[in-house]
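Colleague: Could you take one buried spot in this model and walk me through it slowly, then show me what is around it and elsewhere in the chain? I'm new to this, so please explain each term as you go.

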Amino acid sequence: MSRDLNVDKIKKLWILDLIIQCGSLKKAALEAKVSPSAISQALSSLEQSVGRPLLIREKGVVIPTPEAHAILNVIRPAFEAFDRLRELNHAPIPKLTWLNFGTYESIAVDILHGLIYSLKQKMPHLRLSLRVARTGSLLTMVRRGELSSALITEVEGLERMSAKEVAIDRLGLFVSKRMPIAKAGWRALEEYGLGSLAPGRDGLPRYFSKFMKQLDLVRPFILSDSFETLRAATVAGALVAVLPNRVAMRDDELIEISPSKSKRFLETGKHKIYLVSQTRTDPEETDFLAAEASRLLNRR
């Protein structure tokens with residue numbers, strides 16, 4: 001690739017990053033508000049410049065090649081720097097001296113280090129108290145006033161709380177790519193079983209139920225309170241797990257399986273993440289935390 005990175009090349013690198021974040025060319029096109037053919041042409045042009053493929057399209061999912069990872073490891077810090085500048089211009093920093101904040105395990109793995117760094121940079125004298133727990137426990141702590149805010153998975157009844165949507169992810173069925181389970185494909189559901197997040201009082205969340213109903217799947221019989229526990233069991237080749245894409249695709253251990261490449265399958269199962277706060281929490285604090293969480297969650 002030529003050393004002189006002009007605007008056109010930077011745009012193509014941004015499109016490559018967007019495709020990987022969205023999981024498909026079509027979704028990247030919707031996000032960028034351009035046609036799928038424009039996204040495809042930009043990717044092809046970038047691959048010609050590099051001299052080798054950057055994405056592998058497999059069963060409706062795009063998989064970045066090692067070359068794509070190497071390029072994005074260099075260019076993403078620049079994108080993130082521009083994101084931080086934009087946030088500084090649009091998100092007022094509240095005057096906080098103490099913050100009790102909570103999150104569930106998978107989000108803690110993904111963004112907690114970045115969130116702590118960002119808060120300390122912008123509010124050097126902030127005293128920060130953090131709790132990592134299940135969504136149900138986090139909601140209870142917010143209602144009782146033990147936490148001022150928390151990042152949680154989508155649950156019923158949020159309309160009765162101060163809640164802001166900060167990210168949307170896609171659910172999928174994932175298996176370990178390095179275990180025999182991967183060779184079984186869709187049959188792995190019969191041979192190994194289906195695992196999912198444990199149900200609450202009213203059963204599985206609606207987005208899980210809708211996802212499995214559209215795929216004609218029965219209720220999962222291997223349940224866990226933690227996405228991370230499910231992910232670990234999946235990496236070990238013990239089961240097929242219903243996981244959010246950001247949890248499953250954290251590295252190259254898992255691949256997605258599907259019955260077909262149909263549009264109907266690829267668009268099922270939206271998994272939302274919310275910031276919930278006490279009703280008496282300063283709206284400026286809530287807006288700031290929601291903006292920080294959204295920036296960190298959506299940069300991938």
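Modeller: Let's start with T234, which counts as buried at 0% relative accessibility. Buried means under 20% relative accessible area, exposed means over 50%, and partly exposed is in between, using a 1.4 Å probe and protein chains only. Before going on, a word of caution: this is a predicted model, in which local features need pLDDT of at least 70 and side-chain atom pairs count only at pLDDT 80 or more, while totals for chains, interfaces and linings use all residues. Residues are numbered from 1 along each chain as its sequence is written, and side-chain values use heavy atoms, with hydrogens and water left out.

Where does T234 sit? Look in helix α10, residues 227-235. Helices (H or I, at least four residues) and strands (E, at least two) are DSSP runs, numbered from the N terminus.

Now for the company T234 keeps. If you skip residues up to four places away in sequence, T234 touches F174, V175, S176, L239, A241, L243 and L254. Contact here means heavy atoms within 4.5 Å. You can also pick out A248, which is 14 residues from T234 in sequence and 9.2 Å from it in space, C-alpha to C-alpha.

Two of those contacts, A241 and L243, take us to strand β9, where they point one way while V240, V242 and P244 point the other, and all are buried. Why that two-way split? In a regular strand the side chains alternate between the two faces of the sheet. Strand β9 covers residues 240-244, and because five of its five residues are buried, it is largely enclosed by the rest of the structure.

What does β9 pair with? Two strands pair if DSSP finds at least two bridges between them. Strand β6 (residues 162-176) runs antiparallel to β9, and four bridges join them. One of the pairs is F174 with its bridge partner A241 in β9, and F174 also touches T234. Strand β7 (residues 194-197) runs parallel to β9, joined by two bridges, and L194 stands opposite V240 in β9.

V175 and S176, which touch T234, turn up again around A182. Leaving aside neighbours within four places in sequence, A182 is in contact with V175, S176, K177 and I255. You'll find A182 in helix α7, residues 181-184. A182 is buried too, with a relative accessible area of 17%. The C-alpha atoms of A182 and I255 are separated by 7.9 Å, though these residues are 73 apart along the chain.

For another strand with everything tucked in, try β5 (residues 149-153), which has five of its five residues buried. S149, L151 and T153 are on one side, A150 and I152 on the other, and both faces are covered. Strand β3 (residues 98-103) pairs with β5 in the parallel sense over three bridges, and G102 stands opposite A150. Strand β11 (residues 270-277) pairs with β5 in the antiparallel sense over five bridges, with L151 opposite L275.

Helices pack against each other as well. Helix α5 (residues 105-122) and helix α13 (residues 283-298) have axes 10 Å apart, at an angle of about 130°. Axes are lines fitted to C-alpha atoms, for helices over the stretch in contact, and angles run from 0 to 180 degrees between N-to-C directions. That angle makes α5 oblique to α13: under 35 degrees counts as roughly parallel, over 145 as roughly antiparallel, 65 to 115 as roughly perpendicular, and the rest as oblique. From α5, I107, I111, G114, L115, S118, L119 and K122 meet F288, L289, E292, R295, L296 and L297 in α13. By class, that contact has eight nonpolar, two polar and three charged residues. Ala, Val, Leu, Ile, Met, Phe, Trp, Tyr, Cys and Pro count as nonpolar, Asp, Glu, Lys and Arg as charged, and the others, Gly among them, as polar.

Finally, step back to the whole protein. There are 13 helices and 11 strands. Of the 300 residues, 50% count as buried. Among contacts with a separation of 6 or more, residues 24 or more positions apart account for 73%.
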